[in-house]
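User: Please guide me through this structure by question and answer, with the reasoning set out step by step.

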Amino acid sequence: MSDKYRSVGFVGLGAMGYPMAQQLAKKLPNSSQIYVFDVIRQSIQKLCSQENGRFNSCQSAKEVAERSEIIISMVPEGSHVRQVYLDEKAGVLTADVSGKLMIDMSTIDTATSNTVREQALSKYPSASFYDAPVSGGVLGAEKATLTIMLGCAEDDAQLPLLQDLLGMMGKSIFPCGGPSLGLTAKLCNNYCSGLIAIATSEALNIGMRSGMDPRVLANIFHTSTAQSAICDKWNPVPGLCPEAPASHGYQAGFKVQLMKKDFGLAVDTAERVGARLALGKVGLEVYEKTSEDPECRDLDSRVVYRYLGGKEDWEKDFASGKS
Ligand code: NAD
């Protein structure tokens, strides 16, 4: 049981990767060696010093690949995934990864993921490469409750191992049917939730400007056809969901620039597969402009409510309202 996890590598120790690597350290057998790399050396140093002896620092993605049987990556965009795997001097594929398992958990375009997989398999036919993007944010990474969308078939021979390993970082793991379909699932989800956030912001803004207490309106949505996780858990209007980023200055959520990236990738995918979009262009423009707005940049993507001019200090206008 423990032998299959003799050596596990992790590349990309950012907002998501860092707590995910910590979860692995907690759950892998004590005999497992964990090899880590990030282009930011301080991230490696912090992880290695905090988790005392559990992590081994590496100088490159190549070194991680040389020393690990399983290689996981979690970096921002397709260009970074290319760098991690395809860089001619220090990329993963410059190491001999025959028989090794590679899992990229970044949210990127399917074309890049397919290119990396094809190059990996043509050079090392006994290796395997999977896309496995996640949903659930930093909180989900810290609590190991991520939803993981795995680009593999139900009958893939590696599925039990993948479920066991990814289960150390997530709660719900869905095999999505085949290579790059994990990414497809992730992009479809974010396209939909991005639009719901805009629609919920707009609708609550219409109601409020017409004199309606947004608490009452959100409660009505909850039991009506406008119900959604965005309305119930991640409401863009400050003060409606106490735990939502909107109620804490839009801090510590899913950065609006990441939503712009994912939304744009979904729109590109739609074009490629011939799916007609009524809202793609306008939705993308909203996230592009919100990302550029100095009042919104770097904040949780539900800050679209602010970008759309929604009232944030509404409570004084509805002092007698009940939640
Ligand atoms: P981040 O920017 O916080 O972290 C990315 C890390 O990758 C950084 O530490 C960076 O230094 C490192 N990196 C970049 N290029 C590298 C390279 N060539 N080699 C080694 N390390 C490299 O990003 P994040 O928030 O952790 O997001 C990572 C991925 O997860 C993204 O694709 C994002 O869309 C996705 N995601 C993020 C969230 C979220 O809430 N933050 C939620 C779900 C999915």
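Analyst: The domain bounds used below come from an automatic or database domain assignment. The model itself is predicted.

User: From which domains does the shell around the ligand draw at least three residues each?
Analyst: A residue belongs near the ligand if one of its heavy atoms lies within 4 Å of it. The shell draws at least three residues from each of two domains, namely domain 1 (2-178) and domain 2 (184-318).

User: Which residues come nearest to the ligand?
Analyst: There are 25 residues around the ligand. By class, they divide into 15 nonpolar, seven polar and three charged. Those that come nearest are Ala15, Met16, Asp38, Pro76 and Lys261.

User: How far from an oxygen atom of the ligand does a polar side-chain atom of Asp38 lie?
Analyst: A polar contact is a pair of N or O atoms within 3.5 Å. Met16 approaches through its backbone, with an N or O atom 2.9 Å from a ligand oxygen, and a backbone N or O atom of Thr107 also lies 2.9 Å from an oxygen atom of the ligand. For Asp38, a polar side-chain atom is involved, and its distance from a ligand oxygen is 2.6 Å.

User: What percentage of the ligand's accessible area does the protein cover?
Analyst: On its own, the ligand has 830 Å² of accessible area. The part of this area covered by the protein is 88%.

User: Which element gives the most residues to the shell around the ligand?
Analyst: The elements that give two or more residues are helix H4 (78-86), helix H6 (137-143) and helix H11 (256-273). With three residues, the element that gives the most is H4.

User: Which strands stand at the edges of the open sheet of six strands?
Analyst: The order in this sheet is E3-E2-E1-E4-E5-E6, with parallel pairing. Each edge strand has a single partner strand, so one of its sides is left without a neighbour in the sheet. From one strand to the next, the twist averages 20°. The edge strands are E3 (55-57) and E6 (128-131).

User: What is the bridge partner of Phe10 in E4?
Analyst: Strand E1 (residues 7-11) and strand E4 (residues 70-73) run parallel and are joined by four bridges. Within E4, the partner of Phe10 is Ile72.

User: What is the bridge partner of Val134 in E8?
Analyst: An open sheet of three strands has the order E7-E8-E9, with mixed pairing. Strands E7 (134-135) and E9 (170-175) stand at its edges, each with a single partner, so each has one side without a neighbour in the sheet. E7 pairs with E8 (residues 146-150) in the antiparallel sense over two bridges. In E8, the partner of Val134 is Ile148.

Terms used: Residues numbered from 1 in each chain as written. Predicted model: local features only at pLDDT ≥ 70, side-chain atom pairs only at ≥ 80, totals over all residues. Heavy atoms only, no water. Polar contact = N/O pair within 3.5 Å; in protein donor to acceptor, adjacent residues only side chain to side chain. Areas by Shrake-Rupley, 256 points an atom, 1.4 Å probe, with all protein chains shown as cover. Nonpolar A, V, L, I, M, F, W, Y, C, P; charged D, E, K, R; others polar. Pairing = 2+ DSSP bridges. Axes fitted to C-alpha atoms, helices over the stretch in contact; angles between N-to-C directions.
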